[in-house]
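Trainee: Please take one part of this protein and go through it closely. I would like to see how it sits among its neighbours, and then how that fits into the rest of the chain.

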Amino acid sequence: MPMPLHQPSAGPPPLEIEGRIIAPQPGPQTAFLGSPADIAIYGGAAGGGKSWALLLEPLRHVHRPDFGAVFFRRTGVQIRNEGGLWDESAKLYPHLGARPREQALEWRFPGGASVSFGHLEHERSVFDWQGSQIPLIGFDELTHFSAQTFFYMLSRNRSMCGIRPYVRATCNPDADSWVAKLIEWWIDPETGLPIAERSGVLRWFVRAGESLVWADRPKDLAGHRDTGTGEAIPPKSLTFIGAGLDDNAASVGSRPSCLAPLSSSSWRAGCWAPPRAFSAGSRRTRPGWSRQRVSFSLGSSTSMPVTGERWTRATLPPDARTKPCCST
């Protein structure tokens, strides 16, 4: 008998906490929490409400005694940092009766479900989870993890609690990461910005060796088999949902001063394209970047200075903020 879908389209029910209604904001947060994908990646601008969406995700299942979710950061320090996942979860989970086990970085809910936090600082850290069955795996800042870590942990994404196992991840743009390659179908190659019409659209893939084979329908991947066992490889669905700072009205309204520096950065719009290369001696400039001529020494073995160019982010002029963040 097939397991029920893990994602009701409506997302988790609203919560009332101290007279305030806690619910996903319209737009990307609602789309992320309502996605039926096996793997949903919520990526884009810093301050776009991604981490809170991740913390809201397991609340639809906490009445199930055998349900468990694990949220990963790359390091343990990142979990406990001021304003990090553990701090933010303490603003939310106690209102549902959850009790913390701080040493274990775990919350236990009255119905028996658990939500815990872990790190995968080293490649070998994944073997700490060997044999685990985790119905919901979350990655905060997916670009900080390696592809090997991510795909190994997919093998731990299993469930015996009646909830189909699934993965949720958040990230900021990183054009040099393996994640940029993973989500490239959802990104405009010219501007580096998410394609609005593709946001939340599902695609399916199978992993054949180290390569991913993609299709628009799962049945188109039916012929792929594991070379070791000969068994069919079940396709997984994946989607990407882009977010901008302006999508998080709660953050913009409550913290305008600390978020103001993002207004001239590509992180505000969630741009995934790298700065374009410039040849030595070029007089061309790039909105949002400044070029500085620098000299440095190669060490005591030579006294000859070496010159080069260093590109750093600068403040965008007002008229550039409406242009694609990665155009020249």
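Mentor: Start with a single pairing: Gly 138 has Arg 168 as its bridge partner in strand 9. The model is a predicted one, and strand 9 is the part to look at here. Gly 138 belongs to strand 8, residues 136-140, which pairs with strand 9 in the parallel sense over five bridges. The connection between these two strands involves a helix: strand 8, helix 5 (residues 147-154) and strand 9 form a right-handed β-α-β unit.

Strand 9 also pairs with strand 3, again in the parallel sense and over five bridges. In that pairing, Ala 169 of strand 9 is the bridge partner of Ile 41.

Now the side chains. Strand 9 covers residues 166-171, and six of its six residues are buried, so the strand is largely enclosed by the rest of the structure. Tyr 166, Arg 168 and Thr 170 point one way, while Val 167, Ala 169 and Cys 171 point the other way. Both sets are buried. Arg 168, the bridge partner of Gly 138, is therefore among the residues of a strand that is largely enclosed.

Two of the residues already met lead on to a nonpolar core. Ile 41 and Cys 171 are both in a core of 29 residues, which also includes Leu 182 and Trp 186. This core is separate from the largest one.

The largest nonpolar core has 32 residues, and the members that touch the most others are Phe 32, Phe 71, Tyr 93, Phe 109 and Phe 117. Among the elements that each supply at least two of its residues are helix 1 (28-33), strand 3 (39-44), strand 4 (68-73) and strand 12 (236-243). Strand 3, the parallel partner of strand 9, thus appears in this list as well. Helix 2 gives the largest share of this core, four residues.

Tyr 93 shows how such a member is placed. Leaving aside residues up to four places away in sequence, Tyr 93 touches Leu 55, Pro 58, Leu 59, Phe 71, Ala 98, Trp 107, Phe 109, Val 115 and Phe 117.

Finally, the whole chain. The protein chain has nine helices and 14 strands, and buried residues make up 45% of its 328 residues. Of the contacts between residues at least 6 apart in sequence, 67% join residues at least 24 apart. The accessible surface comes to about 17,100 Å², with 53% of it belonging to carbon and sulfur atoms.

Notes: Residues numbered from 1 in each chain as written. Predicted model: local features only at pLDDT ≥ 70, side-chain atom pairs only at ≥ 80, totals over all residues. Heavy atoms only, no water. Buried < 20%, exposed > 50% of the residue type's maximum accessible area, 1.4 Å probe, protein only. Contact = heavy atoms within 4.5 Å. Areas by Shrake-Rupley, 256 points an atom, 1.4 Å probe, with all protein chains shown as cover. Core = buried A, V, L, I, M, F, W, Y, C linked by side-chain atoms within 4.5 Å. Pairing = 2+ DSSP bridges. Right-handed = clockwise from strand over helix to strand, strands pointing away.
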